[in-house]
Every structure is written in structure tokens, then in C-alpha cells.
Amino acid sequence: MLKSRYSLATSALALLLALTSKSSSAFTPSSIVRPKSFIKMSTSEETKNDNVSQTEDTSRDKVMTFSYDMSLEPKYEKPTYPGTGNGQSGESGEYDVIVIGSGMGGLACGALSAKYGDKVMVLESHIKCGGSAHTFSRIHEGEKYSFEVGPSIFEGLDRPSLNPLRMIFDILEEEMPVKTYTGLGYWTPEGYWRFPIGSKSAFEDLLLEQADDGPKAVQEWNALRARLKTLGGSTTAVSLLNLRQDAGFLATTAGSLPFVLTHPDVFLDLNLTFDSLHKTVDEIVTDPFLRNFIDTMCIFCGFPAKGAMTAHMLYILERFFEESACYSVPIGGTCALGDTLVRGLEKFGGKIQLNAHVDEIIVENGRATGVRLKNGSVLKAKKAVVSNATPFDTVKMLGTKQELPDGVKTWKDELGKLPRHGAIMHLFVAIDAEGLDLSHIDDPAQLVIQDWGRSMQDSQNLCSFFIPSLLDKTLCPEGKHVIHVYSSGGEPYE
């Protein structure tokens with residue numbers, strides 16, 4: 001299966017090179033692309049893992065998620081990979097808030113808590129912060145090449161906007177330099193086309209050009225936006241940062257009262273917020289091209305329209321067609337996201353400790369009171385321990401010997417029923433672009449779709465390649481380019 005994933009990534013690169021020149025050369029960092037060692041699980045004949053059967057139906061309407069039986073997971077020590085640290089750092093201390101993990105959520109929590117007066121410690125197992133917003137480098141023939149690991153398509157980071165991350169930067173009074181671009185390239189069975197962000201009229205022109213019935217597609221698109229307009233307007237009245245899952249939302253969303261009073265029909269649509277978008281799309285949109293486009297926009301949230309919450313699409317419907325909207329490339333790589341949050345954290349007195357692996361969350365009298373590190377050090381928390389680790393890793397930190405509150409016990413027991421998505425294969429490549437004419441490549445971000453009839457989550461069907469060095473010249477030497485290719489992998493490793 002790994003080989004089949006390579007074929008799509010290779011096709012994407014071949015597509016790029018075919019567009020440029022047959023004489024260009026490329027290298028793949030030898031330590032980057034390699035299959036992970038698999039651990040064979042021993043199970044009884046009575047225990048059957050049905051993950052493979054869940055991938056047999058790869059049709060367009062299939063929502064491909066995988067529910068794993070946690071009892072089948074092998075019990076093994078999480079491996080330490082070269083260059084990531086051994087997790088042995090960290091000293092004992094007492095804080096108001098301890099945050100486990102320095103991904104975007106962990107750093108945002110830590111930085112905001114510090115701004116509002118808490119004594120904060122963020123603990124990170126890795127030697128770099130940022131989680132998936134991560135950049136790594138390789139030296140080739142004495143020259144440095146930097147590669148993106150995780151997210152690559154950002155909107156709303158160039159100026160104050162509804163993007164929650166940009167909102168946090170503004171609250172922390174931190175700046176992050178970016179370069180901008182205004183389109184997303186699509187390579188589809190019908191050929192190449194470009195989604196023009198930041199222009200309602202340009203998108204309607206695209207529909208007129210590409211759809212089977214252009215005027216009808218425009219009409220259906222405007223009808224969909226009109227159907228969700230009131231609900232979408234609530235995203236401007238209530239910041240996403242104000243949403244929470246407890247009774248406190250009454251206080252944090254009070255600022256939306258004027259909007260609610262003038263738009264009482266928003267209550268009629270609240271049930272749509274967390275419902276699958278496809279239900280609304282199926283009522284309004286029939287044009288195949290428009291339905292395909294909506295699916296590709298939703299897939300950035302992890303699902304096509306069938307399976308994606310309507311809330312995910314509201315931001316796109318509202319924001320992507322404003323005249324000021326554009327995509328952003330963080331200068332220096334996506335690591336700049338984490339670095340910006342760390343600056344905010346430290347500016348307000350918060351601390352971050354890298355290479356400090358948390359072995360255990362300490363629970364006393366029904367509440368988390370601290371953590372025990374891999375090196376044995378204990379850190380106490382007066383107010384809270386916040387985990388930005390995965391739910392599966394967080395459960396392991398709770399251990400099996402501590403007395404846990406009933407709610408936490410239930411959460412642990414039900415965790416194995418959570419859906420997990422198939423894998424994604426990443427390929428990092430640098431090319432010699434000396435003499436290549438790249439003037440016809442308008443945008444760093446390009447998507448390849450092989451078959452609209454198959455699920456967007458199906459292995460090899462969707463491939464993205466990102467060339468940040470088209471805009472950010474700090475990532476590699478002059479005359480070279482770095483490319484991040486990633487492909488959906490719907491099959492389980494079994």
C-alpha cells in the first residue's frame with residue numbers, strides 16, 4: 001500500500017516537472033521518506049479487526065472513518081526518533097496552569113492564560129514547538145533546504161480577520177510576516193482550473209466557464225449562500241474564540257445580542273450548525289462542478305460535504321469571497337506560527353520547556369493537580385492541567401492506578417469508539433529550478449483530484465502539493481525550490 005501512495009505523489013511531481021522542464025533535477029532527503037516499522041498485533045481468532053472492510057466501499061457518498069478497538073492496540077513504549085529529543089528535560093515547580101503540548105491549541109491556551117495573569121508552564125516532548133505547524137531542514141551539497149510538515153494553506157493571517165489564530169496574535173500584540181497569493185490551482189479529470197479567492201464575481205465567472213449549465217450553477221451557489229446567510233452572519237457577530245461548551249457561553253457570547261435581536265431567524269437555523277452540510281447542499285445544489293468544488297473546500301476540515309459540519313463551511317462562505325481575502329505563506333516556514341505564540345507567552349511571563357515528556361497527570365480528590373515528567377520531576381498546578389496531546393495519549397497519561405472522577409472514567413471507556421481517519425503520506429522534495437520558467441504557476445498551492453466518483457478520502461484520490469519557496473525565498477538557495485506533497489491514504493496499515 002505504501003508503494004501505491006508513492007505513485008500519486010510521484011505523479012504530482014511529474015506534473016510539476018512536465019510543466020516546467022524535462023531537464024530539471026530533484027533530490028529527496030534520504031532520511032525523510034521512509035516507511036515506519038509496523039508492529040504486528042497478536043489477536044485471538046474471536047477478535048476481528050474490521051478496519052479493512054471499512055475501506056472496501058470508496059464511493060463518492062462514503063464517509064470514510066475508522067473506529068478502532070483500543071484493546072487491540074499493542075502495548076509498547078512510544079519510540080523516540082532521532083533529532084526529536086529524549087524527553088528527559090524539565091524541572092519541578094508550581095504554577096497556576098500547566099499545559100501539556102505546544103501545538104497551536106496548547107500555545108494559544110498558555111499564552112492567553114499568561115496574558116490574563118496566570119503563572120503558566122507549557123511542556124513539550126519534542127525539541128521544537130508548534131506541533132504540526134513544524135518546519136525541518138536538511139543540508140544538501142552544503143546548502144540548507146527547509147520543509148513544511150503540516151498545514152500549508154492559510155487564510156486571514158495577513159491582517160486583522162475572523163481567523164481565530166490571527167485574533168490570538170492580535171490579542172497578544174504579536175506580528176508574523178507573511179507573503180500572500182490569491183488562488184488555488186486545481187488539476188482535475190476535466191483539466192486545470194483556478195479558484196480565485198477574494199472575488200465573488202471571479203468565482204461566478206469560473207462557474208460560467210466550467211459548469212455544465214453556468215447560469216444555473218451561479219444561481220444555485222447564490223441560493224446556497226442565501227440559505228446560510230443569517231447563520232453565516234453569526235460568525236461575525238460571535239467570534240469563534242467566544243464559543244465554549246459549558247454554561248459560560250452565555251457570558252462569552254453576550255456581545256452577539258444585538259445581532260440576534262435583529263436576526264431572530266438565526267435560532268431557526270441553529271440546528272444546521274452541527275449538522276452535516278450535505279443535507280443543505282443536496283436540497284439546493286445539483287450542478288456537478290459546484291458540488292465537486294464544495295467537497296474540496298470541506299475536505300480541509302477532514303470530510304467532504306457529507307460528514308462535514310455546516311459550521312465548517314460558514315467561514316468559507318462568508319470570508320473567502322470578501323475582496324480583501326487572500327491566502328498566506330508564513331515567512332520562514334509554518335514554524336513561525338508557533339514561534340509567534342511563544343513570543344506572546346514569554347512576553348507575559350509564561351514559560352515553555354522543550355524536550356520535557358509528561359509521563360503522568362496527577363489526579364487528587366477528583367481533580368488534576370499536576371504532572372510527573374519522564375525524568376521524575378513533579379510540577380504542581382494550582383488551577384488546571386490542560387492537555388493539548390491527542391485524546392489517546394492523554395488517556396495513557398492518566399494511568400490505570402489513580403482514582404478518576406466518573407466522568408473521566410466514562411470518557412476513557414468510550415474513547416475507543418472515536419472515529420479515526422486514514423493516514424496521509426508526506427513527501428518532501430527539493431528541485432533545481434535553474435533556468436525553469438515558472439511564470440505560468442500562479443499559486444504555491446495546487447490540488448490534484450483523480451476521480452470525482454471516488455471519495456475524497458480514498459487513498460491516492462486527492463493529492464496536494466505546496467511550493468512555498470515561490471514566495472518565501474528564505475526556505476532554500478536561489479534557483480531552487482522546496483515542495484511538500486501529501487496524499488490521502490484511506491487504507492489502514494493492516
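**Group meeting: a walk through one predicted model**

Let me start with one residue. N355 has a relative accessibility of 14%, so it counts as buried, the cut-off being under 20%. N355 sits in the loop between β12 and β13. Its phi is near 60°, which is a positive value in a residue other than glycine.

Before going on, a word of caution: this is a predicted model. The mean pLDDT of the protein is 79, and 71% of its residues reach 70 or more. Over residues 1-25 the pLDDT is below 50, and this stretch has 54 contacts in the model beyond near neighbours in sequence. Residues 27-54 also stay under 50, with 46 contacts beyond four places in sequence. Where pLDDT is low, the predicted coordinates should not be read in detail. I will therefore not interpret the contacts of those two stretches, given that pLDDT is the predictor's confidence in each residue.

Now the overall picture. The protein has 494 residues, of which 48% are buried. Its secondary structure comes to 15 helices and 20 strands. If you take the contacts between residues at least 6 apart in sequence, 72% of them join residues at least 24 apart.

Back to the loops. Which residue in the loop between β5 and β6 can we set beside N355? That residue is E141, and the two strands are β5 (135-140) and β6 (143-148). E141 is not a glycine either, yet its phi is positive, about 50°. Is E141 buried or exposed? E141 counts as exposed, because its relative accessibility is 73% and the cut-off for exposed is over 50%. So we have two positive phi values outside glycine, with N355 buried and E141 exposed.

Follow the chain on from N355 and you come to β13. Strand β13 (residues 358-364) runs antiparallel to strand β14 (residues 367-373), and six bridges join them. V358 stands opposite L373. The two strands form a hairpin with two residues between them, and N365 in that turn has a positive phi of about 55°.

On the other side of the N355 loop is β12. Strand β12 pairs with β4 in the parallel sense over three bridges. One pair to look for is V122 and its bridge partner in β12, I352. What lies on the two faces of β4? V120 and V122 are on one side, M121 and L123 are on the other, and all four are buried, so both faces are covered, buried being under 20% relative accessible area.

β4 is also joined to β3, again in parallel, by four bridges. Here L123 is the bridge partner of I100. Between these two strands the chain passes through α2, and this β-α-β crossover is right-handed.

α2 covers residues 104-115, which makes 12 residues. From first C-alpha to last it reaches 16 Å, close to the 16 Å expected at 1.5 Å a residue. Several of its residues are buried, among them G106, L107, A108 and A111. What do the buried residues of α2 pack against? They pack against β3 and β4, the two strands of the crossover, and also against α3 (164-172), α13 (335-347) and β12 (351-353). After the helix comes G117, with a positive phi near 105°.

Next, a separate sheet to look at. It is an open sheet of three strands in the order β7-β11-β8, with antiparallel pairing. β7 (154-155) and β8 (178-181) are at the edges; each has a single partner strand, so one side of each has no neighbour in the sheet. Between β8 and strand β11 (residues 327-330) there are four bridges. Y181 has Y327 as its bridge partner in β11.

Finally, two residues late in the sequence. H484 is in strand β20 (residues 480-489). It counts as buried because its relative accessibility is 1%. Its side chain reaches the backbone oxygen of E148 at 3.3 Å. Beyond its neighbours within four places in sequence, H484 has contacts that include V149, H426, F428 and F465.

L462, in strand β19 (residues 462-466), is buried too, with a relative accessible area of 12%. How far apart are L462 and T188, in sequence and in space? They are 274 residues apart in sequence, and 9.8 Å apart in space from C-alpha to C-alpha.

That is where I will stop.

Terms used:
Residues numbered from 1 in each chain as written. Predicted model: local features only at pLDDT ≥ 70, side-chain atom pairs only at ≥ 80, totals over all residues. Heavy atoms only, no water. Expected span 1.5 Å × (residues − 1). Buried < 20%, exposed > 50% of the residue type's maximum accessible area, 1.4 Å probe, protein only. Contact = heavy atoms within 4.5 Å. pLDDT = per-residue confidence, 0-100. Polar contact = N/O pair within 3.5 Å; in protein donor to acceptor, adjacent residues only side chain to side chain. Pairing = 2+ DSSP bridges. Right-handed = clockwise from strand over helix to strand, strands pointing away.
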